[in-house]
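Q: Could you walk me through this fold, one feature at a time? I'd like to learn how to read each one.

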Amino acid sequence: MASAFRLQCHCILIFLAALKGETRYLEARGAGEDEPFLLLSADLKRELSGRQLYHRALRCIDMLSVEGQFTFTAEQPQLHCAAFFIGDPEELITIDYDFVHIDCQGGDFLKVFDGWILKGEKFPSSLDHPLPTSERYIDFCESGNIRRSIRSSQNVAMIFFRIHEPGNGFTFTIKKNANLFPCNVISQTPTGTFTMVIPHQHRNCSFSIIYPVVIKISDLILGHLNSLHFKVSCLFVS
């Protein structure tokens, strides 16, 4: 509960900065060795860099941080599945459906969510995201061929799917696109230095770190007030 409260305080501070600010500079240093998302492999990403399109089977619960083509084929009824996608802070995620064979009338579904849902919490939150919550869900059974290519609004996205009949499934391709001014970000790593720039925009933004970390905000420019710049140096422990 205390960690959740501290995370909310961190986000509130960043939100206030975004309302008036032009730039933000955040530095995160690891405070522990536990990494909850071990499926994110830096070695794999280096290995795949510059090579042909990566292919592999998708698991019922999966985490993807690389571009490539992924196929899920149900060997038995799979009723509670989700795949999480994450890019670098300055990237957007594009999901292209290549092949879909599911029974929408029989209770199957395949939905993309623009962001992540973890333990009932949405990232980015409804207060920060540019779209209303209802528009962040894209249901293949409702849109079909109309939305076979979906792009996220930040560096994370996810899909939920349910398939009853063995042999049914789908194939999609993940691509990453540059995002010059990322507003909402989930960090892949517990360490590093991150810079976020919001050029002359009045909007809420967030930077979420899902690891236990020490966070140092080295430079926070809130904007102009009587030709003065405000800078803040803060240190948080979560």
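Q: This is a predicted model, so let's start inside: which residues does Phe172 touch, leaving out those up to four places away in sequence?
A: Contact here means heavy atoms within 4.5 Å. On that basis Phe172 touches Leu58, Leu64, Gly68, Gln69, Phe70, Phe85, Ile95, Asp96, Tyr97, Asp98 and Ile159.

Q: Which residues of the largest nonpolar core touch the most other members?
A: That core has 28 residues, and Leu58, Phe85, Ile159, Phe170 and Phe172 touch the most other members. The elements giving two or more residues to this core are β4 (68-73), β5 (78-86), β6 (91-101), β7 (109-113), β12 (156-163) and β13 (169-178). There's also a second, separate core of ten residues, with Met63, Ala82, Phe84 and Met158 among them.

Q: How do I place all that in the whole chain? How many helices and strands are there?
A: Four helices and 20 strands. Of the 238 residues, 44% count as buried. Look at the contacts between residues at least 6 apart in sequence: 70% of them join residues at least 24 apart.

Q: Where can I see such a contact between distant parts of the sequence? What about Lys111?
A: Lys111 lies in strand β7. Its C-alpha atom is 6.3 Å from that of Phe161, although the two residues are 50 apart along the chain. Setting aside residues up to four places away, Lys111 touches Ile138, Asp139, Met158, Ile159 and Phe160. Lys111 counts as partly exposed because its relative accessibility is 28%.

Q: Now charges. What's the general idea, and how many salt bridges does a search of the whole structure find?
A: Side chains of opposite charge can pair when their charged atoms come close. The search finds four salt bridges. In one of them, Arg56 pairs with Asp62, with the closest N and O atoms 2.9 Å apart. Arg59 also meets Asp62, at 3.1 Å from N to O. Those shared partners join Arg56, Arg59 and Asp62 into one network.

Q: Are these two ends of the Arg59 pair buried or partly exposed?
A: Asp62 is buried, at 1% relative accessible area, while Arg59 is partly exposed, at 40%.

Q: Which parts does the Lys176 salt bridge tie together?
A: Lys176 pairs with Glu91, their closest N and O atoms being 3.9 Å apart. Lys176 sits in strand β13 and Glu91 in strand β6, so the pair links parts that are 85 residues apart in sequence. Glu91 is buried, with a relative accessible area of 17%.

Q: And what is the nearest side chain of opposite charge to Arg136?
A: Asp114, at 5.5 Å; Arg136 is buried yet has no salt bridge. The cut-off to keep in mind is 4 Å between nitrogen and carboxyl oxygen. Arg136 is in helix α3 (residues 133-136), and its contacts include Phe123, Pro124 and His129.

Q: What should I check in the backbone around there?
A: Check omega: a cis peptide bond joins Phe123 and Pro124, with omega about -10°. Pro124 is in the loop between β9 (121-123) and α3. Then check phi: Lys119 has a positive value near 55° in a residue other than glycine. Lys119 lies in the loop between β8 (116-118) and β9, and at 87% relative accessibility Lys119 is exposed.

Q: Last stop, the surface. Which residues make the nonpolar patch?
A: Leu180, Phe181 and Val197 make a patch of about 300 Å². Leu180 is in the loop between β13 and β14 (184-186) and counts as exposed because its relative accessibility is 73%.

How values were computed. Residues numbered from 1 in each chain as written. Predicted model: local features only at pLDDT ≥ 70, side-chain atom pairs only at ≥ 80, totals over all residues. Heavy atoms only, no water. Buried < 20%, exposed > 50% of the residue type's maximum accessible area, 1.4 Å probe, protein only. Lys, Arg positive; Asp, Glu negative; His and termini not counted. Core = buried A, V, L, I, M, F, W, Y, C linked by side-chain atoms within 4.5 Å. Patch = residues over 30% accessible without salt bridge, like charges linked within 9 Å, V, L, I, M, F, W, Y side chains within 5 Å. Areas by Shrake-Rupley, 256 points an atom, 1.4 Å probe, with all protein chains shown as cover.
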